[in-house]
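Me: Please take a close look at the salt bridges in this model. I would like the partners, the distances and the accessibility of the residues involved.

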Amino acid sequence: MVDFAYVIAGSEATGGAGLQVDLKTFQELGVYGVGTITCIVSFDPGNGWAHRFVPIEPQVIADQIEAATATHDLDVVKVGMLGTPATIDVVADALAARQWRHVVVDPVLICKGQEPGAALDTDTALREKIIPLATVVTPNLFEAQILSGMDEISSVDDLAEAARRIADLGPKYVVAKGGVELPGDDAVDVLFDGTDVTVLAAPKVGSERVSGAGCTLAAAITAELAKGAEIGDAVAFAKEFTTAGINGRVSAHTPFDTVWQGAFVDALDG
């Protein structure tokens, strides 16, 4: 029997983040991936690799969701970059119209290239309309600080407090990601289940963020949930899978490296 995982997210033209990463992760983990594109992000190599952001028309997004959900029995979905309040409205309506076993939200709050006012409107809509629908929400350090309303997050205890505050927005579980940005030798994430905090740590691989790490983690959680894993097991495995991908990172002409989703399987085979 084939397990299905669905993703509603942006396309990132280099292949190092967004929907491309989600579908690669699903494939590596043995689930059939189905995707709906919400926006197109194209880095500009002639302008310091700045973001060029183009939203998809809301009706086109609705049409994609209609086609995907009519074709397959989809009950586990990852929500990635949405980008505009109009997109958030159509996705929130689509999520509310169906019963989902799990909704994984990777809360991309801002894309460089968006106007600050538009970004704030998007952040507010995401907080109010999407995050309360989530089984699991996976903010990075910046997103955790914004969503929690904390002045700073500079320790694992701060990260755990941020996760607790984000849980008040409605998600059942919060995975707050410290990554390489917290001090210390380990990349630390925390899982809050509404009662307890679990700390997940792995040795840092360099000191720079690697493109696609957050997408990969959330997509791996989604894939494992689609296969029937419990939340804690899915998150722990996703951490291991993503760490392997960071270790096996792919370099390019960009000023940043990207995660290699095949590294985990390569390590097993090797």
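Reply: The salt bridges are taken up below, pair by pair.

This is a predicted model, in which local features need pLDDT of at least 70 and side-chain atom pairs count only at pLDDT 80 or more, while totals for chains, interfaces and linings use all residues. Residues are numbered from 1 along each chain as its sequence is written, and side-chain values use heavy atoms, with hydrogens and water left out.

A salt bridge here is a side-chain nitrogen of Lys or Arg within 4 Å of a carboxyl oxygen of Asp or Glu. The structure holds ten salt bridges.

In the pair Glu224 and Lys227, the N to O distance is 2.8 Å. Glu224 is buried at a relative accessible area of 12%, whereas Lys227 is partly exposed at 37%. Buried means under 20% relative accessible area, exposed over 50%, and partly exposed in between (1.4 Å probe, protein chains only).

Between Arg164 and Glu161, the closest N and O atoms are 3.7 Å apart. These two residues are three apart in helix α6 (residues 156–167), so about one helical turn separates Arg164 from Glu161. Helices are DSSP runs of H or I with at least four residues, numbered from the N terminus. Arg164 is partly exposed, with 37% relative accessibility, and Glu161 is partly exposed as well, with 28%.

Asp257 pairs with Arg249, and their closest N and O atoms are 3.7 Å apart. Asp257 is partly exposed at 25% relative accessibility, and Arg249 is partly exposed at 27%. Elsewhere, salt bridges with shared partners join Glu161, Arg164 and Arg165 into one network.
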